[in-house]
2 protein chains.
Amino acid sequence: MSNPVLVEILRGEHVESAHRGAIAVCDGAGKLLVEIGDVSQPVFPRSAVKAIQALPLVESGAADAFGFGDRELALACASHKGESAHVDLAASMLARIGLDETALECGAHWPLAHEATVVLARSGRSPSQLHNNCSGKHSGFLCACRHMNLAHQGYVSFEHPYQATIREVMKNVTGAPHDADNSATDGCSIPTYAIPISSLALGFARLATGQGLSTARAKAAKRLVAACMAEPFLVSGSQAADLALMQAAPGSIFVKTGAEGVYCAALPELGLGIALKCDDGAGRAAEAMVAAVLAMLLKSDEALSERLAVLARPAVPSRKGEPVGRVQPTEAISGQLT
Amino acid sequence: MSNPVLVEILRGEHVESAHRGAIAVCDGAGKLLVEIGDVSQPVFPRSAVKAIQALPLVESGAADAFGFGDRELALACASHKGESAHVDLAASMLARIGLDETALECGAHWPLAHEATVVLARSGRSPSQLHNNCSGKHSGFLCACRHMNLAHQGYVSFEHPYQATIREVMKNVTGAPHDADNSATDGCSIPTYAIPISSLALGFARLATGQGLSTARAKAAKRLVAACMAEPFLVSGSQAADLALMQAAPGSIFVKTGAEGVYCAALPELGLGIALKCDDGAGRAAEAMVAAVLAMLLKSDEALSERLAVLARPAVPSRKGEPVGRVQPTEAISGQLT
């Protein structure tokens, strides 16, 4: 059994590479509306669930205590590209609790935005942990720990009480188990838990609708999703797929990428949650898959659907920038819901 | 029908992503000794066939006329990382025919070696076409054009007589058709032709053995393969998989990567050619596949086979550099030839 090919990479008119995957679309009541491939397959959502992981920051009252608005909440849900706006805002969040970059436990890496790497290198500096694409999430964790009177050292470990809090929230929102058996360590050193794609889609449908959540949690979810849609650059960065997708329909689409080919999305107006995984972990394919699914789900708005379909089919350029191929979602996606 | 999973990516002890592919191993007489997946599938070899594309440089007498030794021939077969040794040598090859970087038609891009990008940015400069990973191949093309009295302008186009020469050589060595119907444009703007994986393996078995080739071509092939094995850094670059694999058994293993998950290899002592393609185009998986196949084929040398098996199973690190997973070839490879 293998998942279907969902995205092909064409060079000229020939298929050069192909990406398989699975996609689930769910409503707030838990009804699966679209099921492509094996959606019961457990996947590590990685960074795709940062908005769920940020719920305790809001629910605990920490976000209000520290005066966080859309910008800070968006950054707490971000996989950013290490651009100056991201780095400076993360530093300012830490400054509000008297901490700095050294309190982060995510590790340092060069900015994901190539231009930011060039600027940083030209300035003679090296990247700090603030450039880590997860620094906003970690800064949010540290602020919540401070507000909850939890010692922040070791906040990334499975045993730390804040990670236990996140586990409980993830279990509640997705309905899937989160424990040592299905956990591993994410790139930024926090635990990540392999759960079914269908559970992820349900979790995002609940974020979109509030259904199945306590009043306080539903309110926090609404606030976080709205913050991300209001500040899509802070959630992602220059030339990010997430930025282009959220800008295609401001306030109507929330998408969040995760490493290794994961995407989750919420459509508040339609009350839908979406989750997908490209089997081989390719980001280029996951981006095309989520754009193609959104184009299909939103086809009642023809202009929007066409903008999304264009985003699902980017050109493959030569080193001179000339198009020599293209990314192409297959009918396994577009043939759904016809 | 789908190709088998050949490489898994583990996070903790869970499979996070999986890569499918096909592998052919062939001897100089054209006998397929290993056949995993669909080896009749046409694939674009991309940069994996640079050593075949460099044959006219040697056969025409150009290499001797310009005094090229192992270093220049290795660079003519290279997908290098834009490090200073690569850039300077490409410039010196062009200088021998009175040309410079502006004659190249490959396009510019930042060095593939991150450290080289940082050094270049710190110096306040931007990349030139000499930093293009294909600049050595293109410099070799220009030298051969000069020696053969061909106008060099437009040397990358399908219609240029030098590309016609390369087509004829590719046809002869691989036995597969090369024409407009199966062509597309490579990242460096020259034509690339989709041919069966088994034909690629045969081509590399012929490079390894000289069987099926004219005496002059067999001699040129032997010289190019020896040059690459003598100068593996120039063929690749710092931390390249090709460098590590060729250094594992100096003079016994020739490997060459191609974009979108292709690898070709020649084992002169065993008289074997190897070709493989990862379906989804992932380099990390293709590197593990070729290392695993080499470990299997060379298992009579236990120490070497173990070094190769280690290269086939690199750790997946966190951003702090701690291992949080690993790359793992499957039994679909190791179970062959038991």
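Reader: How much area is buried between chain A and chain B, and what share of that area do carbon and sulfur atoms give?

Author: In this predicted model, the two chains bury about 3,600 Å² between them, and carbon and sulfur atoms give 50% of that area. On the side of chain A, the residues that lose the most area to chain B are Arg11(A), Arg122(A) and Arg319(A), which together account for 18% of what that side buries.

Reader: How many residues does each chain bring to the contact?

Author: Chain A contributes 49 residues and chain B contributes 49 residues.

Reader: How should I read the charged pairs at this interface?

Author: Side chains of opposite charge can pair when their charged atoms come close. Across the interface of chain A and chain B, four salt bridges are found. Glu260(B) and Arg284(A) form a salt bridge, with their closest N and O atoms 2.7 Å apart. Polar contacts between the two chains number 28 residue pairs.

Reader: Which elements of chain A give two or more residues to the side that touches chain B?

Author: They are strand 2, helix 6 (114-122) and strand 5 (183-185) of chain A. Strand 2 of chain A supplies the largest share, six residues. By residue type, this side of chain A divides into 12 nonpolar, 21 polar and 16 charged residues.

Reader: How many salt bridges are there over all chains?

Author: The count over all chains is 18. Within chain A, Asp64(A) forms a salt bridge with Arg223(A), and the closest N and O atoms lie 3.0 Å apart. This pair links distant parts of the chain, since Asp64(A) belongs to helix 3 (residues 62-65) and Arg223(A) to helix 10 (residues 215-230), 159 residues apart.

Reader: How is empty space to be read, and what is the volume of the second largest pocket?

Author: Rolling a probe the size of a water molecule over the atoms shows where empty space is left. The second largest pocket holds about 840 Å³ of space. It is lined by 43 residues, and those closest to its centre are Arg20(A), Asp279(A), Val5(B), Ala18(B) and Arg20(B).

Reader: Which strands supply at least two residues each to this lining, and what types of residue make up the lining?

Author: Strand 1 (5-11), strand 2 (14-27) and strand 4 (42-43) do so in chain A, as do strand 1 (5-11), strand 2 (14-27) and strand 4 (42-43) in chain B. The lining of the second largest pocket comprises 16 nonpolar, 13 polar and 14 charged residues.

How values were computed. Residues numbered from 1 in each chain as written. Chains lettered and ligands numbered in written order. Predicted model: local features only at pLDDT ≥ 70, side-chain atom pairs only at ≥ 80, totals over all residues. Heavy atoms only, no water. 1 Å grid on protein atoms, 1.4 Å probe; cavity = no way out; pocket = protein on both sides within 12 Å on 5 of 7 lines; lining within 4 Å. Points joined across faces, edges and corners; volume = space filled by probe spheres on them. Helix = DSSP H or I, 4+ residues; strand = E, 2+ residues; numbered from the N terminus. Nonpolar A, V, L, I, M, F, W, Y, C, P; charged D, E, K, R; others polar. Contact = heavy atoms within 4.5 Å. Buried area = accessible area lost by both parts, 1.4 Å probe. Salt bridge = Lys/Arg side-chain N within 4 Å of Asp/Glu carboxyl O. Polar contact = N/O pair within 3.5 Å; in protein donor to acceptor, adjacent residues only side chain to side chain.
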